[in-house]
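Open the model in your viewer and keep the selection panel at hand. The tour goes from the whole chain to single residues.

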Amino acid sequence: MRLYDARASCLTFLANNGVPDHILARWAGRTNVKTTKKWYVKPDVEDLREAAGTWDGLHEELNGRV
């Protein structure tokens, strides 16, 4: 495996750990942040679980207000 092949994994890790989008783009050798995020930053199952948990919290909060 070449280092180039791991670019999406590395950029996803950096994005998930708070690295700003414009830095990710430069790290990938891109000038367009949208292109970088579209092609290189990939959510995994754990990311989706965290988002689902956030959604559940919102749902519970809204139900508590009704």
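Accessible areas here come from the Shrake-Rupley method with a 1.4 Å probe. By that method the protein exposes about 5,600 Å². Carbon and sulfur atoms supply 59% of that area. The model is a predicted one.

**Whole chain**

Show the cartoon. You should find four helices and zero strands. Along the sequence the pattern reads α-α-α-α. Now colour by burial. A residue is buried when its relative accessible area is under 20%, and exposed when it is over 50%. Of the 66 residues, 15% count as buried.

**Stop 1: helix H1**

Select residues 7-16, which form H1. Its buried residues are Arg7, Leu11 and Thr12. Look down the helix axis. These buried residues fall within an arc of 125°, so they line one face of H1. On the other side of H1, look for Ser9 and Phe13, which are exposed.

What covers the buried residues of H1? Add 21-28 and 33-40 to the selection: helix H2 and helix H3 are among the cover. Then step just past the end of H1. There, glycine 18 takes a positive phi of about 90°.

**Stop 2: leucine 11**

Centre on leucine 11, in helix H1. Is leucine 11 buried or exposed? Its relative accessibility is 0%, so it counts as buried, the cut-off being under 20%. Show its contacts, leaving aside neighbours within four places in sequence. Leucine 11 touches Leu24, Trp27, Ala28, Tyr40 and Val41.

For a backbone distance, pick isoleucine 23 as well. Leucine 11 and isoleucine 23 are twelve residues apart in sequence. Their C-alpha atoms are 10.0 Å apart in space.

Which residues make up the largest nonpolar core? Select Leu11, Leu24, Ala28, Tyr40 and Val41; these five form it. Leucine 11 is in contact with Leu24, Ala28, Tyr40 and Val41 from this set.

**Stop 3: threonine 12**

Move one residue along to threonine 12, still in helix H1. Threonine 12 has a relative accessible area of 10%, which is under the 20% cut-off, so it is buried. Again skip the neighbours within four places in sequence. The contacts of threonine 12 are then Tyr40, Val41 and Lys42.

**Stop 4: helix H2**

Select H2, residues 21-28. Its buried residues are Leu24, Ala25 and Ala28. Viewed down the axis of H2, they fall within an arc of 100°, so they line one face of this helix. Follow that face outward: the buried residues of H2 pack against H1 and H3.

Turn the helix round. The face of H2 turned away from its buried side carries His22, Arg26 and Trp27, all exposed. Just after H2 comes glycine 29, with a positive phi of about 80°.

**Stop 5: arginine 26**

Arginine 26 sits in helix H2. Its relative accessibility is 69%, over the 50% cut-off, so arginine 26 counts as exposed. Now pick threonine 36 too. The two are ten residues apart in sequence, and 9.0 Å apart in space from C-alpha to C-alpha.

**Stop 6: where H2 meets H3**

Two packed helices are described by the angle between their axes and the distance between the axes. Draw both axes. Those of H2 and H3 come within 9 Å and cross at roughly 75°. That angle lies in the 65 to 115 degree range, so H2 is roughly perpendicular to H3. On the H2 side, the contact is made by Asp21, His22, Leu24, Ala25 and Ala28. On the H3 side, select Val33, Thr36, Lys37 and Tyr40.

**Stop 7: threonine 36**

End on threonine 36, in helix H3. How buried is threonine 36? Its relative accessible area is 0%, so it falls under the 20% cut-off and counts as buried. Show its contacts beyond four places in sequence. Threonine 36 touches Leu24, Ala25, Ala28, Arg30 and Val41. Among these, Leu24, Ala25 and Ala28 are the buried residues of H2 from stop 4.

Conventions: Residues are numbered from 1 along each chain as its sequence is written. This is a predicted model: local features need pLDDT of at least 70, side-chain atom pairs count only at pLDDT 80 or more; totals for chains, interfaces and linings use all residues. Side-chain values use heavy atoms; hydrogens and water are left out. Helices (H or I, at least four residues) and strands (E, at least two) are DSSP runs, numbered from the N terminus. Buried means under 20% relative accessible area, exposed over 50%, partly exposed in between (1.4 Å probe, protein chains only). The arc is that of the directions from the helix axis to the C-beta atoms. Contact means heavy atoms within 4.5 Å. A nonpolar core is a set of buried Ala, Val, Leu, Ile, Met, Phe, Trp, Tyr and Cys residues joined through side-chain atoms within 4.5 Å. Axes are lines fitted to C-alpha atoms, for helices over the stretch in contact, and angles run from 0 to 180 degrees between N-to-C directions. Angles under 35 degrees count as roughly parallel, over 145 as roughly antiparallel, 65 to 115 as roughly perpendicular and the rest as oblique.
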